Amino acid sequence: MCRHAAWLGPVRPVSWLVSEPEHGLLRQSYAPRMQRHGTVNADGFGVGWYDETLGRPVRYRRTVPLWTDANLPGLAAAARSACLMAAVRSATVGMPIEETATAPFTDGSRLLSHNGRVRRGAVRAIAGEPESLCDSAWLASAVFARLGAGASLGDALTAVVRHAAVEDPPARLNLLVVGAAELAAVAWGDTLFTHLDEGVLVASEPLDDRPGWRAVPDRTLLLASPDGVLVTPID
Ligand code: GLN
């Protein structure tokens, strides 16, 4: 399983998810605390943020371990937004290691990350145009295809997870999506946590040891807005 995290709230730098918290994605890239599949996340990383001026998200993805990128600390301190995402990758066996296989994926208006694995054939019928042969890229394209057809973010995620889980019951389908002023996540087969104070933090595992981190139940959809968080079962 890879690890991912996102923020929706007052403007913060990307380092808010990566290097500022004691167990941010930097630490989780080599010493995750709750990872059930894989031990390190050294097959690449990606960060993304919603740029208000451009009116779209911006990404930076690499195939090297996060801790080896000497340019990231400066970029992560300078890139600031009310909406952030970061992900570190432990590639599933057989999946390509390339930037296009690395989260965040985008449709131009949202960013998406996946923790888990799915048989690609399970989403072939609903996938759009994946940018890589990586299973996560196929899942992302399926969600983006639903969104492109007019579905709400919650409906798109629920429909894709239901479809994939029917076709591939052991699939692990933790998904995380951010847009201009929205954040949504699915817990399906892996851990997911939230922390609410001035904004909403969502992460595969807590980014620090502050009180207030809450586990999101498995097989649920989490929808967050600047006003709060709603968690509903996916059946
Ligand atoms: N299956 C995805 C990949 O290969 C995600 C892997 C993971 O969650 N560890 O990148």
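Author: A residue is called buried if 20 or more other C-beta atoms, placed from the backbone, lie within 10 Å of its own; 12 or fewer makes it exposed, and anything in between partly exposed. We're looking at a predicted model, where local features need pLDDT of at least 70, side-chain atom pairs count only at 80 or more, and totals for chains, interfaces and linings use all residues. Numbering starts from 1 along each chain as its sequence is written.

Reader: OK, what makes α4 "largely enclosed by the rest of the structure"?

Author: Twelve of the 14 residues of α4 are buried, so that's how the helix earns the phrase. Here a helix is a DSSP run of H or I with at least four residues, a strand is a run of E with at least two, and both are numbered from the N terminus. The buried residues are D135, S136, A137, W138, L139, A140, S141, A142, V143, F144, R146 and L147.

Reader: And what do the buried residues of α4 pack against?

Author: They pack against β5, β6 (111–117), α5 and β7. Contact here takes C-beta atoms, placed from the backbone, within 7 Å of each other. After α4 comes G150, with a positive phi near 105°.

Reader: How do you know how the length of α4 compares with the expected one?

Author: The expected span is 1.5 Å times one less than the number of residues. For the 14 residues of α4 that gives 20 Å, and the helix reaches 20 Å from its first C-alpha to its last. Helix α5 (residues 153–167) has 15 residues and reaches 21 Å, close to its expected 21 Å.

Reader: Which residues of α5 are buried?

Author: A156, L157, V160, V161 and A164 are. They sit on the same side of α5, because they cover an arc of only 120° around the axis (taken from the directions from the axis to the C-beta atoms). Among the elements covering them are α4 (135–148), β7 (172–178), β8 (183–187) and β12 (220–225).

Reader: Why is α4 called oblique to α5?

Author: The two pack at about 135°, with their axes 9 Å apart. That angle makes α4 oblique to α5, since under 35 degrees is roughly parallel, over 145 roughly antiparallel, 65 to 115 roughly perpendicular, and the rest oblique. On the α4 side, L139, A142, V143, R146 and L147 make the contact, and on the α5 side, L153, A156, L157, A159, V160 and A164.

Reader: Now T106: what makes this residue buried, exposed or partly exposed?

Author: T106 has 19 C-beta neighbours inside 10 Å, so it counts as partly exposed. T106 is in strand β5 (residues 105–106), and beyond four places in sequence it touches P57, R59 and L111. Just before β5, P104 sits in the loop that starts after β4 (80–88), and the peptide bond from A103 to P104 is cis, with omega near 0°.

Reader: And how do you know whether G46 is buried or exposed?

Author: G46 has 26 other C-beta atoms within 10 Å, so it is buried. G46 belongs to strand β2 (residues 45–51). Its contacts outside four places in sequence are R59, Y60, R61, A87, T102, A103 and P104.

Reader: Last one: what makes the phi of R219 worth a mention?

Author: Its phi is near 60°, a positive value in a residue other than glycine. R219 lies in the loop between β11 (214–215) and β12. With 15 C-beta neighbours inside 10 Å, R219 counts as partly exposed.

Methods: Two residues are in contact if their C-beta atoms, placed from the backbone, lie within 7 Å. Axes are lines fitted to C-alpha atoms, for helices over the stretch in contact, and angles run from 0 to 180 degrees between N-to-C directions.
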